[in-house]
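Subject: Structure for you to look at

Hello,

Here is the structure I promised to pass on. Please open it first, then read my notes below with the model beside you.

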Amino acid sequence: MSGSRQRIALVVPFFGRDLRGRKERFAFAFATHLALEGLNLDVLTTTATDEAPDANSFYPGTDLTEPFPVLRFGVNAPDRVAYEDAVLAAGSGPSLALLDERVRSPDLLAHVRAAAQRYEAFLFLDISVPTTVRSLPDVAERAILVPLLDDGPVERLPDVAEMVARARMILCSTEAEASLLGELFGTAARARTRILGLGVDRVPPEELPAERVHRLTRGQHYVLLVGDDPLARAQLDASGVRVVVLSAVEERDRAAFFAGARAVAVTGAGAGFVPEVAEAWAYGKAVLAAENAPGAAALVRATGGGVVVSPESWTAAVHELPDDDALALLARRGTAYLAAAGGWQRVAAQTSDAIDALAALEDGRSRDSLLAQVAYLYPQVQRQRRTIEAMRVSRFWQLRDAWFAVKRRLGIGPATDPVPAPSTEDRAAELAALGDPYQLFREHHRLRVEDADRMRRVVRFLPRQISFGIVIEARGSGNDALGVLRSLRDQVYENWTAYVLVDDAADADGADDLRTLAADDARIVLVPPGGDRFGDADMIGGLRPQDRLEPHALFEFALALQDEADVVYCDEDRLDDRGVPRDPWFKPDWSPETLLTRDYVGALCVMRRDLLERAGGVRDVFESAQWYDALLRVTEHTDRVAHVPQVLCHRGERSRVERTDQKLAVEAALLRRGETATLRPTDCGIDVRFSVPGDERVCVVIPTRDRADLLGPCIGSLFERTAYRDFDVLVVDNGSREDATLELLARWEREQPERFRVLRDPAPFNYPRLNNEAVRAAGAPFVVLLNNDTEVLTPDWMEAMLGQARRPQIGAVGATLVYGDGTVQHAGVVLGILGLAGHAHRFLPATAPGYHCGLQLDTNYLAVTGACMMIESRKYWEVGGLDETLAVSYNDVDLCLKLRRAGYRNVFVADARLYHYESKSRGTDDTLAKVTRATEEVETLRTRWPGWAARDPYYNPNLTVDAEDFGLRL
């Protein structure tokens with residue numbers, strides 16, 4: 001909601017709910033989801049004239065039928081007819097053929113010019129139409145461009161290039177579109193570009209008109225054809241495979257034809273902007289992308305979500321389509337990309353962030369100046385406040401308060417105390433003024449009155465009206481529950497019921513106040529022992545009496561539930577003894593291994609009622625961990641878990657899960673799942689050490705070239721300090737020549753003939769190839785990829801890693817790697833920071849707890865370093881091993897991402913600890929050749945994994961991208 005307090009104008013050439021063009025469809029969905037994100041949005045668009053009505057024949061004026069105002073302006077000629085004529089002329093004539101005065105809308109231009117100060121930002125959508133091109137210069141300092149590039153003739157005109165050069169920021173749907181932008185308009189434009197992702201509005205299966213598709217196709221399998229490439233169409237028709245052309249499909253049947261297709265072929269237009277690819281993946285269909293449709297082809301290559309087809313090979317491609325299971329596997333890869341880097345909610349959030357960034361460019365210097373002034377004045381204010389607070393405890397002040405109270409009752413005094421006690425918000429604002437990062441963050445993201453009003457207007461447009469049931473444990477709490485009930489009654493989203501669990505005794509503490517409140521609001525239901533806790537609500541969650549909700553909490557949850565999630569949770573913080581929110585927890589997206597070690601989901605969390613009841617409901621026997629236990633059980637039946645990355649719940653200091661209760665819940669979960677582990681309660685949570693049988697062979701693979709000074713301690717520490725005994729060591733000697741190294745290897749071959757081997761490979765250094773060859777030769781069910789500049793610290797490191805690696809759902813397992821000075825070198829890899837990736841908690845003391853115990857308990861990450869990585873050999877080869885085209889860097893990250901795409905989760909094991917003297921054996925990238933190679937490897941990873949490179953699901957978007965310390969993103 002960061003951009004929600006600003007007023008935004010969306011300038012779009014053609015706009016309407018029923019328009020069918022790919023850009024028009026994008027425009028309407030884009031505007032709708034920006035409004036759902038909470039932006040105060042006006043749409044500025046054109047309309048055709050009465051003389052030549054067409055598909056855009058709306059009347060000029062203001063349209064209030066959408067969840068945002070739509071201001072339509074007339075044009076000097078029928079806009080769509082003139083636009084199409086001008087596009088044809090642009091291919092051969094000068095730019096004036098396109099940007100003729102008669103094509104544009106003088107009224108729209110005049111409004112943009114007059115409203116320049118009314119809007120904080122202008123979003124210009126689609127640069128191929130004169131409306132956009134001619135409107136931008138008047139507000140260039142506040143302009144954000146959403147180009148929707150197709151590489152048409154219009155986009156190569158000088159007028160368009162000038163507009164691109166003047167925009168402050170550019171938002172592209174994919175990396176392919178951003179690359180095309182750089183190719184057309186240069187590196188300066190590319191440097192101002194952010195990636196939005198592609199949004200898809202997926203129609204639920206039960207609402208699809210499948211019978212019409214069956215009737216029109218006569219039940220035959222078909223390929224859905226997108227684009228206008230006549231050569232591809234001719235080849236497909238000649239293949240004998242039934243082809244349905246998307247442009248010939250009625251709009252009402254569009255989603256059904258995507259859902260019923262065997263595969264979707266994307267041809268013709270789409271050099272950068274390719275929404276149909278995302279639409280295909282949303283309905284679980286593999287994509288056949290034409291090689292000469294570079295936008296679609298780039299996405300398919302990057303994700304593995306289909307097949308790239310050369311222009312002459314369409315007939316062979318459709319004849320050689322793999323079976324349905326293989327097509328489904330390809331589609332799942334595309335769906336995984338959408339989950340990580342797509343969806344309208346993400347597109348809207350990214351746009352909101354861009355608007356905030358634009359405002360920050362203007363506000364930065366003035367804000368710094370203001371904070372400096374406030375910091376100067378603060379000590380003086382505090383001195384006066386201390387004087388007043390000292391006076392408040394005096395007898396004189398007590399008499400004063402009584403006198404003012406009498407005057408107010410008689411109606412002859414001021415309505416409020418002229419010197420009121422400071423409120424919670426006052427104290428928070430003071431802390432913000434002093435530079436407290438979290439209070440600054442809260443001030444920047446505070447919900448405004450106009451935001452709440454706008455959300456109330458949006459609620460009625462939500463396709464699914466979700467009902468929430470909030471269970472409040474008020475037994476023995478007296479009046480404590482009144483505060484949380486007040487925060488519920490303040491909700492923007494009003495479709496909720498509070499089920500307040502009360503004591504049986506009629507005279508229990510607070511009973512009268514609760515009965516009065518329940519009589520005043522039918523949504524508050526008092527539930528005696530044994531009563532119905534859930535009612536008929538769609539979603540059920542629990543709160544403690546000390547908890548408080550932000551007014552838009554349930555609204556944000558209702559938005560998240562539009563995508564059919566079964567569980568939704570949010571970020572949270574803690575209220576101190578003065579009621580000031582502190583200690584925020586900006587959480588990762590769904591992380592099962594993290595949840596097993598601590599209740600990171602916390603409150604507020606809601607679960608689908610029918611699923612919760614099927615899983616056994618909420619069990620009082622787990623006491624403070626009863627909702628944690630319920631979540632563990634529910635998520636054994638579903639992985640459709642959504643995370644709202646906003647602090648929507650403030651938890652009281654007493655609102656905590658006791659370690660003994662949590663341990664009982666974890667024990668019960670492991671028993672249900674057929675897993676065994678040793679559990680150790682800690683100050684942070686539960687340290688879960690999965691059991692190992694002791695007879696599973698582990699092969700430790702160590703590539704090296706010389707450097708006996710590093711390799712010797714590494715091998716020695718393995719054999720001398722590792723408690724787990726069923727392992728062997730395979731050193732890959734990449735051309736060692738030094739006598740010391742050769743003697744070292746020979747000595748260990750003599751001393752450990754059954755457990756130490758050397759594989760000699762003198763070819764040029766290629767880290768993935770060396771490891772791949774070694775894993776082939778290892779012959780063990782599990783392998784550890786280990787750098788030669790490491791040393792074992794904790795004897796049980798291998799057992800701890802093996803406990804996770806042998807679990808069916810786990811891919812790569814990483815360890816805590818420590819510098820020689822005792823600080824952290826690696827505790828998980830985070831993508832999307834420091835340009836591409838960084839190591840969690842780097843340079844923190846290894847003895848520190850880390851961000852919410854991230855250095856002490858097992859934690860899910862998107863990737864872990866290959867400097868010490870354990871993996872089951874079967875899973876290693878299932879995803880193809882390390883990519884040998886990434887000769888030095890990021891091959892480990894790439895392997896982890898392939899594992900994640902294949903459905904495995906990667907995990908960091910905190911108890912496995914080794915020293916790591918980073919890159920001592922290979923050196924640093926300090927030559928031109930090394931820098932060039934490193935740059936190419938970075939770009940390869942960005943291109944191959946664009947979604948995860950931009951947004952790591954295990955790293956909260958409110959945390960910094962400029963450091964590895966989990967600081968706030970201010």
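Just after helix α1, G38 takes a positive phi of about 105°. This is a predicted model, so please read every value here as computed from that prediction. Helix α1 itself covers residues 22-37. Its 16 residues reach 22 Å from the first C-alpha to the last. That is close to the 22 Å expected at 1.5 Å a residue. Is α1 mostly covered or mostly open? α1 is mostly covered, with 15 of its 16 residues buried.

Two more residues with a positive phi

Most residues other than glycine have a negative phi. D583 is not a glycine, yet its phi is positive, about 50°. D583 sits in strand β20, residues 581-585. Its relative accessibility is 46%, so D583 counts as partly exposed. The cut-off for exposed is over 50%.

E623 is not a glycine either, and its phi is also positive, about 50°. You will find E623 in the loop between α24 (609-614) and α25 (626-634). Is E623 buried or exposed? At 52% relative accessibility, E623 counts as exposed, because the cut-off is over 50%.

A cis peptide bond

Most peptide bonds are trans. The bond from A603 to L604 is cis, with omega near 0°. L604 belongs to the loop between α23 (592-597) and β21 (605-608).

Helix α27

Next, go to helix α27, residues 708-721. How far apart are its end C-alpha atoms? They are 19 Å apart. At 1.5 Å a residue, the 14 residues should span 20 Å, so the two values agree. Of those 14 residues, 10 are buried, so α27 is largely enclosed by the rest of the structure. The buried ones are A708, L710, L711, G712, C714, I715, G716, S717, L718 and F719. Colour them in your viewer and turn the helix around.

Two pairs far apart along the chain

P463 lies in the loop between α19 (449-459) and β14 (468-473). With 70% relative accessibility, P463 counts as exposed. Along the chain, P463 and Q562 are 99 residues apart. In space, 7.2 Å separates their C-alpha atoms.

H445 is in helix α18, residues 437-445. H445 is partly exposed, with a relative accessible area of 27%. Which residue is 202 residues from H445 along the chain, with its C-alpha 9.5 Å from that of H445? The partner is V647.

Cavities

How many cavities of 30 Å³ or more does the structure hold? There are six. The largest contains about 180 Å³ of space. It is lined by 19 residues, and the closest to its centre are P588, Y851, T859, Y954 and F966. Strand β34 (859-861) gives the most to this lining, with three residues. By class, the lining of the largest cavity has 10 nonpolar, seven polar and two charged residues.

The second largest cavity has a volume of about 80 Å³. Its lining is made of A302, T303, R333, A336, Y337, A340, R901, R944, W945, P946, G947 and W948. Helices α12 (294-303), α14 (324-341) and α34 (946-950) each supply at least two of the lining residues. α14 gives the most, with four residues. By class, seven residues in this lining are nonpolar, two are polar and three are charged.

The whole chain

Last, step back to the full view. The protein chain has 34 helices and 36 strands. What share of its 970 residues is buried? Buried residues make up 58%. The accessible surface of the chain comes to about 39,600 Å². Carbon and sulfur atoms account for 52% of that surface.

Contacts round off the picture. Take those between residues at least 6 apart in sequence. Of these, 75% join residues at least 24 apart.

Best wishes

Key:
Residues numbered from 1 in each chain as written. Predicted model: local features only at pLDDT ≥ 70, side-chain atom pairs only at ≥ 80, totals over all residues. Heavy atoms only, no water. 1 Å grid on protein atoms, 1.4 Å probe; cavity = no way out; pocket = protein on both sides within 12 Å on 5 of 7 lines; lining within 4 Å. Points joined across faces, edges and corners; volume = space filled by probe spheres on them. Nonpolar A, V, L, I, M, F, W, Y, C, P; charged D, E, K, R; others polar. Buried < 20%, exposed > 50% of the residue type's maximum accessible area, 1.4 Å probe, protein only. Contact = heavy atoms within 4.5 Å. Areas by Shrake-Rupley, 256 points an atom, 1.4 Å probe, with all protein chains shown as cover. Expected span 1.5 Å × (residues − 1).
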